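Me: Hello, I am new to this structure. Please take a close look with me at the ligand and the place around it.

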Amino acid sequence: MSDRLRAAIRTVPDFPKPGIQFKDITPVLAHPDLLREAVDALVAPFLNLGITKVVGIESRGFILGAMMAERIGAGFVPVRKPGKLPAATIREQYALEYGADTIEMHEDALDAEELVLVHDDVIATGGTAAAACRLVERRGARLAGCAFLIELTFLNGRQHLPPALPLHVVVTV
Ligand code: AMP
């Protein structure tokens, strides 16, 4: 666990709504050494495994996710909110505290023989990442694991991910 990364992550109270302690990674992104350290730490368990794609979740999962893909030597696949991807998509719903939300992936983004790492900046309730894993599995691709910069442990989001799946977290709060 990186104390430097932990210290750089900024907690913004009551954003985007009252009661949310928002974990802001922009100070990490802005600092060249911390940016490199974050990418190094995220990919460390997943080097030389033959991962072919990193799936990054909109929108903050795009930033480090694309850098992780480049570092691993894999391609990058965006998972997005509905209506953002231009070509044919597959979609998954997940439960929110009140209601449900949906994410989409291009249906031709993954082949069945691919090995995939799922990434987001934060795992909170885990619903989004679990839905992203289901999108990967629906294409017949294999999951190598999930990598998050920050886990909000009190929400126990990891309970929603496949139990045998390697789950890598750089900073727990
Ligand atoms: P989850 O509840 O795990 O499905 O998280 C939903 C999305 O919201 C993920 O993309 C997280 O990156 C983001 N998110 C949830 N809670 C926070 C938080 N406290 N600070 C920053 N991002 C968050």
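Reply: Let us start with what a pocket is: on a 1 Å grid over the protein atoms alone, it is an open set of points where a 1.4 Å probe fits, with protein on both sides within 12 Å along at least five of seven lines. The ligand sits in the largest pocket, where sitting means that more than half of its atoms lie within 2 Å of the pocket's grid points.

Please keep in mind that this is a predicted model, in which local features need pLDDT of at least 70 and side-chain atom pairs count only at pLDDT 80 or more, while totals for chains, interfaces and linings use all residues. Residues are numbered from 1 along each chain as its sequence is written, and side-chain values use heavy atoms, without hydrogens and water.

The pocket comes before its guest. The space in the largest pocket is about 1,400 Å³, a volume filled by probe spheres set on grid points joined across faces, edges and corners. Its lining is made of 38 residues, each with an atom within 4 Å of a point. Nearest the centre are Ile20, Leu96, Ala124, Thr125 and Thr128. Two or more lining residues come from each of β2, β5 (89-95), β6 (100-106), β7 and α5; these names stand for DSSP runs numbered from the N terminus, with helices (H or I) of at least four residues and strands (E) of at least two. β7 has the largest share of the lining, 4 residues. Sorted by class, the lining holds 20 nonpolar, 8 polar and 10 charged residues. Here Ala, Val, Leu, Ile, Met, Phe, Trp, Tyr, Cys and Pro are nonpolar, Asp, Glu, Lys and Arg are charged, and the others, including Gly, are polar.

Now for the ligand itself. Around it stand 14 residues, each with a heavy atom within 4 Å of it. Thr125 and Thr128, which we met at the centre of the pocket, are among the closest, together with Asp120, Asp121 and Gly126.

Some side chains make polar contacts, pairs of N or O atoms within 3.5 Å. In Thr125, a side-chain N or O atom is 2.6 Å from an oxygen atom of the ligand. Asp121 also reaches a ligand oxygen atom with its side chain, at 2.7 Å. Arg60 places a polar side-chain atom 3.1 Å from a ligand nitrogen atom. On its own, the ligand would expose 490 Å², and the protein buries 81% of that (Shrake-Rupley areas with a 1.4 Å probe).

The elements giving two or more residues to this shell are β2 (21-24), β7 (115-123) and α5 (127-138). With 4 residues, β7 contributes the most to the shell, just as it holds the largest share of the pocket lining. By class, the shell has 5 nonpolar, 5 polar and 4 charged residues.

Notes
A polar contact is a pair of N or O atoms within 3.5 Å; within protein, one must be able to donate a hydrogen and the other to accept it, and residues adjacent in sequence count only if both atoms are side-chain atoms.
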